[in-house]
Amino acid sequence: MTDLPVEGRKEMVQAFLPPLLTEVKRLKTANGDTIKFLWRLFDGALVESVLMRYPGRITLCVSSQAGCGMNCPFCATGQ
């Protein structure tokens with residue numbers, strides 16, 4: 001927002017645009033093909049995501065609700 005004075009921009013962003021997602025924990029496989037994240041949302045809720053790299057594609061699983069029916073063995077929500 002370049003139309004606002006330089007002094008005060010940072011404070012305005014912090015006040016009106018708080019961080020919505022904060023990384024809590026990150027786990028990686030030995031080769032780095034799979035990365036599991038635990039995130040804290042702005043309201044304190046926790047969600048998990050897993051980034052899985054395969055030959056020719058990449059999959060991202062975002063588990064945002066309790067009781068997900070997929071039952072992925074690496075995901076606490078599914079278990």
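In which helix is the place of V13? In this predicted model, V13 belongs to helix α1, which covers residues 9-16. The helix opens the order of elements, as the chain reads α-β-β-β-β from the N terminus on. Altogether, the protein chain holds one helix and four strands.

It is worth staying with V13 for a moment. Its relative accessible area is 43%, and V13 is therefore partly exposed, since this class lies between the 20% limit for buried and the 50% limit for exposed residues. V13 also takes part in a nonpolar surface patch, made together with M12, F16 and L17. The area of this patch is about 420 Å². For the protein chain as a whole, about 6,300 Å² is exposed, with carbon and sulfur atoms supplying 61% of that area.

A useful counterpart to V13 is found in strand β2, residues 34-41, where I35 lies. I35 has a relative accessibility of 7% and so counts as buried, the cut-off being under 20%. Of the 79 residues of the protein chain, 18% count as buried.

The surroundings of I35 can be described as well. With neighbours within four places in sequence left aside, I35 is in contact with R26, L27 and K28, and also with S49, V50, L51 and R53. Between I35 and L60, which are 25 residues apart along the chain, the C-alpha atoms are separated by 9.6 Å. Turning to contacts across the protein chain, among those with a separation of 6 or more, 7% are between residues 24 or more positions apart.

Note on methods. Residues are numbered from 1 along each chain as its sequence is written. This is a predicted model: local features need pLDDT of at least 70, side-chain atom pairs count only at pLDDT 80 or more; totals for chains, interfaces and linings use all residues. Side-chain values use heavy atoms; hydrogens and water are left out. Helices (H or I, at least four residues) and strands (E, at least two) are DSSP runs, numbered from the N terminus. Buried means under 20% relative accessible area, exposed over 50%, partly exposed in between (1.4 Å probe, protein chains only). Contact means heavy atoms within 4.5 Å. Patches are made of residues with over 30% relative accessible area and no salt bridge: like charges are joined within 9 Å, nonpolar side chains (Val, Leu, Ile, Met, Phe, Trp, Tyr) within 5 Å. Accessible areas come from the Shrake-Rupley method with a 1.4 Å probe; for residues, only the protein chains shown count as cover. A salt bridge is a side-chain nitrogen of Lys or Arg within 4 Å of a carboxyl oxygen of Asp or Glu.
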